[in-house]
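Reader: I've got this model open at the bench and want to understand how its strands are put together. Could you take a close look at the strand pairing for me, then show me what sits around it?

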Amino acid sequence: MTMAMPLAPRGAAVATIVALLEARTGQQLDAGRTWRIDSALQPMLRERGLATIDELVARISANSERGLGDAVVDALLNQETSFFRDAGVLDLVAEAVSDMMRETPGRKVRLWSAACSTGQEPLSLAMLFHERHLASGQTIPEIRATDISARALRRARDGRYTQFEVQRGLPVRRLVTWFDQRGDLWEAKAELRYRVLYSQQNLIADPPLAGRFDIVLCRNLLMYLSPPMRRRVLDRIACVLRPGGLLVLGAGETVIGHSDALVPSERYRGLYRPALR
């Protein structure tokens, strides 16, 4: 006897899931990407013995399981990332940090990796800065990292990655220098993990991180947000950037047409600075 597969999500159930994702994260899931609902939520259906997305939505609506809505949203978040993703951009960030330290000796530079996913971006930065510290003696910047996903942050704090994950962008030299093999996983050394302070944050709903930052990286998030949410996120970031600070976006993302609080940097091509008031 052949087991029937769960029905593909459609209709009212899809609309409810899409609305839930946007309400809690600001992220939009257009009609061409609703296939992700079915693939992302299949494990959750199996765990709960549910046959269809409609049954899952009914359980969310009945509020019969605490945290179920949050779990659904977490499963739908795109956590695509890799070590040294767009390495040239990270090199430019490291160059800007060196310039800031050289031009203002003794300055404590602060960075914020927003929407950091499972931690590959902030750990890549920590490796770069430590290597530059050994070469030049410059102080290692403070690195804060945030993400909306509690699940992703648990992995980021643990600093454990599969062979596939470390092979994506991590040269062998850096792998053996900064990671120890633990069975089938690679674990970032404590001195690297401790360079990054992680916390959970919803960029559209929670207050910005305390203090001011010299550089904020918010890469490959704006593309999923509606125009009003893009403006909200960009304006919030602008508020925590120090004068002369820089915003780093993903390839294809821009502040132009989305915020008046930030403008292209004349000094660092592809980066953005606070607009002069």
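Author: Let's start with the word "pair": two strands pair if DSSP finds at least two bridges between them. Keep in mind that you're looking at a predicted model. Overall, the protein has 11 helices and 10 strands.

Go to strand S2, residues 142-147, and look at what it pairs with. Strand S1 (residues 110-113) joins S2 in the parallel sense, over four bridges. To find that pairing on your screen, click on Trp-112, whose bridge partner in S2 is Arg-144. S2 also pairs with strand S6 (residues 196-200), again in the parallel sense, this time over five bridges. Here the pair to look for is Asp-147 and its bridge partner in S6, Gln-200.

How much of S2 is hidden? Buried means under 20% relative accessible area. Five of the six residues of S2 are buried, so the strand is largely enclosed by the rest of the structure.

Next, follow the chain out of S1. The loop between S1 and helix H6 (120-136) holds Ser-117. Its phi is near 55 degrees, a positive value in a residue other than glycine. Ser-117 counts as buried because its relative accessible area is 4%. Another loop, the one between strand S7 (213-218) and helix H11 (227-240), holds Asn-220. Asn-220 isn't a glycine either, and has a positive phi of about 65 degrees. With 18% relative accessibility, Asn-220 falls under the cut-off and so counts as buried.

There's also antiparallel pairing to look at. Strands S3, S5 and S4 form an open sheet in the order S3-S5-S4, with antiparallel pairing. S3 (160-162) and S4 are the edge strands, each pairing on one side only. On average, neighbouring strands of this sheet are turned by 35 degrees against each other, if you ignore direction.

Take the two pairings of that sheet in turn. S4 (residues 179-182) and S5 (residues 185-188) run antiparallel and are joined by four bridges. S3 and S5, also antiparallel, are joined by three bridges. A handy landmark is Glu-187 in S5. From S4, Asp-180 has Glu-187 as its bridge partner. Arg-160 stands opposite Glu-187 as well. Between S4 and S5 the hairpin has two residues, and Gly-183 in this hairpin takes a positive phi near 65 degrees.

One more strand deserves a stop: S10 (residues 272-274), where you'll find Tyr-272. Tyr-272 counts as buried because its relative accessibility is 9%. Beyond its sequence neighbours within four places, Tyr-272 is in contact with residues including Leu-246, Leu-247, Glu-253, Val-255 and Pro-264. Tyr-272 and Val-216 are 56 residues apart in sequence, yet their C-alpha atoms are 9.8 Å apart.

Now for some helices, to round out the picture. Helix H2 (residues 35-48) and helix H3 (residues 53-62) have axes that come within 10 Å and cross at roughly 70 degrees. That angle makes H2 roughly perpendicular to H3. The contact of H2 with H3 has six nonpolar and two charged residues, and no polar ones. Among those that meet are Ile-37, Leu-41 and Met-44 in H2, and Leu-56 and Arg-59 in H3.

Val-72, in helix H4 (residues 68-76), ties into this group. Leaving out residues up to four places away in sequence, Val-72 touches Ile-17, Leu-20, Leu-41, Met-44, Leu-56 and Ile-60. Val-72 counts as buried because its relative accessibility is 1%. Its C-alpha is 9.2 Å from that of Ile-37, with 35 residues separating the two in sequence.

Finally, zoom out. Of the contacts in the protein with a separation of 6 or more, 72% involve residues 24 or more positions apart. Of the 277 residues, 50% count as buried. The C-alpha trace spans about 70 × 50 × 30 Å along its principal axes. A compact globule with 277 residues would have a radius of gyration near 19 Å, and the 21 Å of this protein agrees with that.

Technical notes
Residues numbered from 1 in each chain as written. Predicted model: local features only at pLDDT ≥ 70, side-chain atom pairs only at ≥ 80, totals over all residues. Heavy atoms only, no water. Axes fitted to C-alpha atoms, helices over the stretch in contact; angles between N-to-C directions. Parallel < 35°, antiparallel > 145°, perpendicular 65-115°, else oblique. Contact = heavy atoms within 4.5 Å. Nonpolar A, V, L, I, M, F, W, Y, C, P; charged D, E, K, R; others polar. Rg over C-alpha atoms; globule rule 2.2 N^0.38 Å. Buried < 20%, exposed > 50% of the residue type's maximum accessible area, 1.4 Å probe, protein only.
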